[in-house]
Amino acid sequence: MTKRHAHEIVADSLRTRILEGRYKPGERLPSEGALTDEYGVSRNTVRVALDRLAAANLITRRRGSGSYVNAEIGISHSLGSLRSFTTLLRDLGLEPGISGVEIRRDPSPPLEILGFLPSEVVWLVRRVRTGSGSPFALLDSWLPDRIGSRIDPEALARRQSLYASLAEDLDTKVAEATESIHAEAADERESRVLGVPLGSPLIVIRRWTYDRAGRPVEYTRSAARGDRYRYVVKLRA
């Protein structure tokens, strides 16, 4: 068993205990030493597993005190972390899914996209992301012609993650992004697809993404259910 497999097994086991209620909200998890003995792994492996659960907002790690189960659990994203939605779902122990994949040219993209993407032809990648069969977010991504024209819908549906498709199929790796976060009311399409009442609050995230050379790669608007998705900001003095 490799070290990577070891920390995944520990994280999966602890995640299951939390989701099944064996560790209650606010309860302190066993110490790193106790977990090391229980699972027969190194302390570093336990720390990596706990870091993974903290990144998914299942637990909060308090220096000098331990790790505690969070009172509220939902899809969570820590500011400063450039991760795909697929990774977020997996870290929470949900089975990531994708549906309604649509890839087409967009003859009239939003104005902010025209000022960001250096391309006369812009492609729209539209899909619904699900967790264990439940819809969580609608994602619309606009890409320049050099990238969008080469995306295979079947490959994207298979890989699920747009970033994985870009990296593995097109040798395009995202390296940096800027995001803005807003609360917006669900329109008719969002209400129908996400299964929320019309006008319900959604968390809308707009992301401007660049590759390692600093070239614009993608502009994305994602609309997620406000009761299942949140951003976490960690501040230190």
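Start by selecting Glu120, which is found in the loop between helix H5 (111–114) and strand E5 (122–131). As you look around, keep in mind that this is a predicted model. Is Glu120 buried or exposed? Glu120 is exposed, with a relative accessible area of 85%. Now add Pro107 to the selection: Glu120 and Pro107 are 13 residues apart in sequence, and their C-alpha atoms are 9.5 Å apart in space.

**The whole chain**

Zoom out and switch to a cartoon view. The chain has nine helices and 10 strands. Of its 237 residues, 49% are buried. If you turn on a surface, you are looking at about 12200 Å² of accessible area, and carbon and sulfur atoms account for 49% of that. Among contacts in the chain with a separation of 6 or more, 59% are between residues 24 or more positions apart.

**The cores**

Next, select Leu14, Tyr23, Leu29, Leu50, Leu53 and Ile59. These belong to the largest nonpolar core, which has 18 residues, and they are the ones that touch the most other members. Colour helix H1 (3–19) and helix H3 (43–55) as well, since each supplies at least two residues of this core.

Stay here and centre on Leu50. Which residues is Leu50 in contact with, once its neighbours within four places in sequence are left aside? They are Leu14, Leu29, Glu32, Leu35, Ile59, Arg61 and Ser67.

Then move to a second, separate core of 13 residues, and pick out Ile103, Val125, Ile151 and Tyr163, which are among its members.

**A cluster of rings**

Show the side chains of Trp142, Trp208 and Tyr219, which ring pairs link into a cluster. The chain's count of aromatic pairs comes to three. Begin with Trp142 and Tyr219: their ring centres are 5.8 Å apart and their planes are at 50°, so the pair is tilted. Trp142 lies in strand E6 (residues 134–144) and Tyr219 in strand E9 (residues 216–225), so this pair ties together parts that are 77 residues apart in sequence. Both Trp142 and Tyr219 are buried.

Now bring in Trp208. The ring centres of Trp208 and Tyr219 are 5.3 Å apart with the planes at 75°, so this pair is edge-to-face. Trp208 sits in strand E8 (residues 201–211) and Tyr219 in strand E9, and the two residues are 11 apart in sequence. How do their surroundings compare in the surface view? Trp208 is partly exposed, with a relative accessible area of 21%, while Tyr219 is buried, at 1%.

For another ring, select Arg62 and Tyr68. The charged end of Arg62 sits over the ring of Tyr68, 4.2 Å from the ring's centre.

**Helix H8, end to end**

Your last stop is helix H8 (residues 162–170), where Leu162, Tyr163, Ala164, Ser165, Leu166 and Leu170 are buried. You have already met Tyr163, as a member of the second core. At the start of H8, select Ser161: a side-chain oxygen of this residue reaches to within 3.3 Å of the backbone nitrogen of Tyr163. Then follow the helix to its other end. What comes after H8? The helix is followed by Asp171, whose phi is positive, near 55°.

Technical notes
Residues are numbered from 1 along each chain as its sequence is written. This is a predicted model: local features need pLDDT of at least 70, side-chain atom pairs count only at pLDDT 80 or more; totals for chains, interfaces and linings use all residues. Side-chain values use heavy atoms; hydrogens and water are left out. A nonpolar core is a set of buried Ala, Val, Leu, Ile, Met, Phe, Trp, Tyr and Cys residues joined through side-chain atoms within 4.5 Å. Buried means under 20% relative accessible area, exposed over 50%, partly exposed in between (1.4 Å probe, protein chains only). Helices (H or I, at least four residues) and strands (E, at least two) are DSSP runs, numbered from the N terminus. Contact means heavy atoms within 4.5 Å. Rings of Phe, Tyr and Trp (its six-membered ring) pair if their centres lie within 6.5 Å; planes under 30 degrees apart count as stacked, over 60 as edge-to-face and the rest as tilted. A charge sits over a ring if NZ of Lys or CZ of Arg is within 6 Å of the ring centre and within 35 degrees of the ring normal. Accessible areas come from the Shrake-Rupley method with a 1.4 Å probe; for residues, only the protein chains shown count as cover. A polar contact is a pair of N or O atoms within 3.5 Å; within protein, one must be able to donate a hydrogen and the other to accept it, and residues adjacent in sequence count only if both atoms are side-chain atoms.
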